[in-house]
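Please look at the protein chain shown here and follow the report below, which moves from its interior to its sheets and then to some single residues.

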Amino acid sequence: MQTPKVKEGKPKKVRTSKGKEGGGGGGDADDFDAWMKSRQLIKPDDQLELTEAELGEEVTKVLTPTNTNVLRNLVVFSFKDGEYVLAPTPSNTVTLISFAGNSLHVDSEEARYQVEESDEIGYPLPMPNYAVVEQRETLQEGEEEGEGDDDEKIGVDAKPVPEGGDEEEVEEEEDEEGKQEGEHATEGEGGAEEEERAGAQPAIPTSGKKKKLINQFNYCERATLTYVNPKRNVDTQTIPPPRSQFGGNVLQWIIYDSYNEDYEEQQKMGQLAGKRVSAKKTFKKKTAHAEQLNRKYLRCWQILERMINQNIFDDIGNDYRYWEDPADEYREGEGNLLPLWKFQYEKTKKMNVTELVFNPSYYDLFAVCYGSHDFLKQHNEGYLCLFTVKNPAYPDYIIQTDCGVMCCDIHQNYPFLVVIGLYDGNVAVYDLRDGCKEPMYVSRGVKCKHGECVWQVKWGPDMADGEINFYSVSSDGCVFSWILMQNKLWVTTIITLYIENGIADGPDGTKVTLRSGGSCVQFHPTNPTVFLVGTEIGLIYKCSTLFSSKYLMTYDAHNMSVYRIDYNRFDSNIFVSCSGDWRVKVWEDMRADPLFIFDLGSAVGDVKWAPYSSTVFAAVTTEGKVHVFDLNVNKYKPICVQAVVPKRKNKLTRLAFNEKLPFIIVGDEKGATTSLKLSPNLRLMVKPPKKQLYLDQLTLQTAKLEKLLSLVRELPDGDQAPDVATTVNT
């Protein structure tokens, strides 16, 4: 049996890691020792000398992640909320640079997992350090077991691995071994030698296919040569267009005649175009003339209609002007109301009267808003009608909207400007001189409107630059200021009605500040920057247009929604409020408790101070009754209670006093507006003293009210009115 030859040469060495098993230099420990020997430690002169006991003592220090240098009460001003809010606490980590990478370490498990998942075949990755160490230990154990059998074969050719050799020397030796293996392979002994080497030094097994990790930073460009498409010329021959020769003599008169012919053609075309333009102008003139005639005819028909109605209602017209109830002389402290006209529009019979406003310049003209107070039965349209007592049969102006009209107001200086608030949260401004079909201004967009129904609108005083503005309040808890710009409405939030200490948990656990929906607004008669806002939770807030962070005063007025607020005409510190809790209360400014409380037995829809007396006010209830109070006559009950509509079938909603004549108008839920004249006992004037006959009614009415209030507003000895100004969002 022939024995295979053993390859004479250096055996392949196993590469070992540096610094392992007390190996040679080049390790981290050796470098550290060399660095320590080359540098001499110098002891500072002022170093503290400690004893062995002090050096051995353990000092406990507690490290917490709390950064004491961080400001935790920093606030910034939020222009969105209109107030100061807490700034978020800064993090303890400062990121200088951060970018995403896609490189992986070759020894990491994630890299090996990615190689196993990839289908590309390439050079194998080196094994992790712990795997190499384990396989090296198994090889060393195998070599120790086979020392006795393999000494003769390997001992002659083996060459010890130098302990302090560098990695470069090991790689050179491997290259020499590769060359020797190539020479023996040419002699035909490659197969036996490979078997012998495999028996002497087994290779590290690799699992699966050879795969490599794609490296985006190590790539090469590959190119290929493609076929070049051959070029080909394609020609075609077509039939040439026909040609003809033309010749003529061009003389001066020929040119002249051609110009004349062209001029005549232009004249004919101009005449046709002029006829068309003139026809259009004539049609426009005829249309404008027809509109003027229609207006004149309409004006004549209106006058004729007024004359006919005044003849029909002649008795009511005489009572409107001259009626005085003689029975008032025999009953002291009581009065009555005389029904006059009933104003109604055919298309609004099923709608509620939502607002009544008299025109400030024309005392016999008033506006009536039609909508619905029932949120489950809303109509697809709304109306604003302006009636006059000269023609109770039909309104003089009619404005139709897409939803219910909930409120309106007429400008004091411009009686032709009317602003309305709609059920869908929009507002619109109409000019009665230009017709009532399209509004002059209207709110558009989601942010340029209220989120819910607009309950009341009020014109404000003109701004310093002459711009006209008005205010609105809605159930969404916001009071808006609207400015009439050149071609649009500019809206600004005056105040948001937050409930004091009204913080609740939201759906996601965050704290939510609750709002109180606004139901009415009334501005101070003498100070236009101060106004009162009634809410749906029964509170009355005294606010200012100059700032929105605080309430000037909070009145715990009612237990249900506040429907209306009205200031006294003679003393601006006195105002009255009504609510759905059946009560009417008279208040004094900056006083937490009411001066008078009246229980009317049903929900009170509206209350108004009389313009002629400082102690007279009237209210309407859902029982269909009108209550008239005179505090100078009776401080405990009304001096007149009169039913206007049937109790079970109808309810009264709104009330308004005429500014010049002693009559009122009331609206009901059936779309009807009834006018009532006050008897003499309900409109008593103050008689001046004999020695002071020169005093006017304004002075006498103010003195009468002050004398009345002095009896009820006296505080106990030593007590003072508390300052109850509170913040809007606490």
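In this predicted model, the largest nonpolar core has 20 residues, and those with the most contacts inside it are Y320, F366, V368, Y370, F387, F663 and I665. The elements that give two or more residues to this core are the strands β3 (337-343), β4 (352-358), β5 (365-371), β6 (382-388) and β32 (663-668). Y320 can serve as an example of how such a residue is surrounded: leaving out residues up to four places away in sequence, Y320 touches L340, W341, Y363, V389, L661, F663 and K677.

**The sheet with β3 and β32**

Two of the strands that supply the core, β3 and β32, also belong to an open sheet of four strands, whose order is β3-β33-β32-β31 and whose pairing is antiparallel. At the edges of this sheet stand β3 and β31 (652-657), each of which pairs on one side only. On average, and with direction ignored, neighbouring strands here are turned by 25 degrees against each other. In general, the strands of a sheet pair through backbone hydrogen bonds, and they may do so in a parallel or an antiparallel way.

The pairing can be followed in detail between β3 and β33 (residues 673-678), which run antiparallel and are joined by five bridges; within this pairing, L337 stands opposite L678 in β33. A helix is placed against the same part of the chain, for α9 (residues 314-322) lies across β3, β32 and β33, and runs at about 130 degrees to β3.

**A second open sheet**

Another open sheet is formed by four strands in the order β12-β13-β14-β15, and its pairing is antiparallel. Here β12 (454-459) and β15 are the edge strands, and because each has a single partner strand, one side of each is left without a neighbour in the sheet. Neighbouring strands of this sheet are turned against each other by 25 degrees on average when direction is ignored.

Within this sheet, the strands β14 (residues 478-484) and β15 (residues 489-496) run antiparallel and are joined by seven bridges, while a hairpin of four residues leads from β14 to β15. Two facing pairs may help you to find the register in the picture: V479 stands opposite I495 in β15, and S481 has T492 in β15 as its bridge partner.

**Single residues in strands and loops**

Is H627 buried or exposed in the model? H627 lies in strand β29 (residues 625-630), and it counts as buried because its relative accessible area is 6%, which is under the 20% limit for that class. When its neighbours within four places in sequence are left aside, H627 is in contact with L600, F617, A618, A619, T621, P638, C640 and V641.

Two loop residues share an unusual label in their backbone description, since W582 has a positive phi of about 75 degrees although it is not a glycine, and M590 has a positive phi of about 65 degrees, again without being a glycine. The table sets out where each is placed and how much of it is accessible.

| Residue | Loop between | Phi | Relative accessibility |
|---|---|---|---|
| W582 | β24 (574-579) and β25 (583-588) | about 75 degrees | 42%, partly exposed |
| M590 | β25 and β26 (596-599) | about 65 degrees | 31%, partly exposed |

W582 falls in a stretch with an annotation, as an unreviewed UniProt entry lists residues 555-588 for "repeat: WD". Over residues 555-588 the chain is 0% helix and 59% strand, and the C-alpha atoms at the two ends are 10 Å apart.

A further loop, between β33 and α10 (697-709), holds P688, which is partly exposed with a relative accessible area of 29%. Apart from its neighbours within four places in sequence, P688 is in contact with L693 and L700. P688 and T699 are eleven residues apart in sequence, and their C-alpha atoms are 9.7 Å apart in space.

**The chain as a whole**

The protein chain has ten helices and 34 strands, and of its 730 residues 35% count as buried. Among the contacts in the chain with a separation of 6 or more, 51% are between residues 24 or more positions apart. The accessible surface comes to about 49,200 Å², of which 52% belongs to carbon and sulfur atoms.

Note on methods:
Residues are numbered from 1 along each chain as its sequence is written. This is a predicted model: local features need pLDDT of at least 70, side-chain atom pairs count only at pLDDT 80 or more; totals for chains, interfaces and linings use all residues. Side-chain values use heavy atoms; hydrogens and water are left out. Buried means under 20% relative accessible area, exposed over 50%, partly exposed in between (1.4 Å probe, protein chains only). Contact means heavy atoms within 4.5 Å. A nonpolar core is a set of buried Ala, Val, Leu, Ile, Met, Phe, Trp, Tyr and Cys residues joined through side-chain atoms within 4.5 Å. Two strands pair if DSSP finds at least two bridges between them. Axes are lines fitted to C-alpha atoms, for helices over the stretch in contact, and angles run from 0 to 180 degrees between N-to-C directions. UniProt positions are given in the numbering used here, feature names are shortened, and annotations may be inferred rather than shown by experiment. Accessible areas come from the Shrake-Rupley method with a 1.4 Å probe; for residues, only the protein chains shown count as cover.
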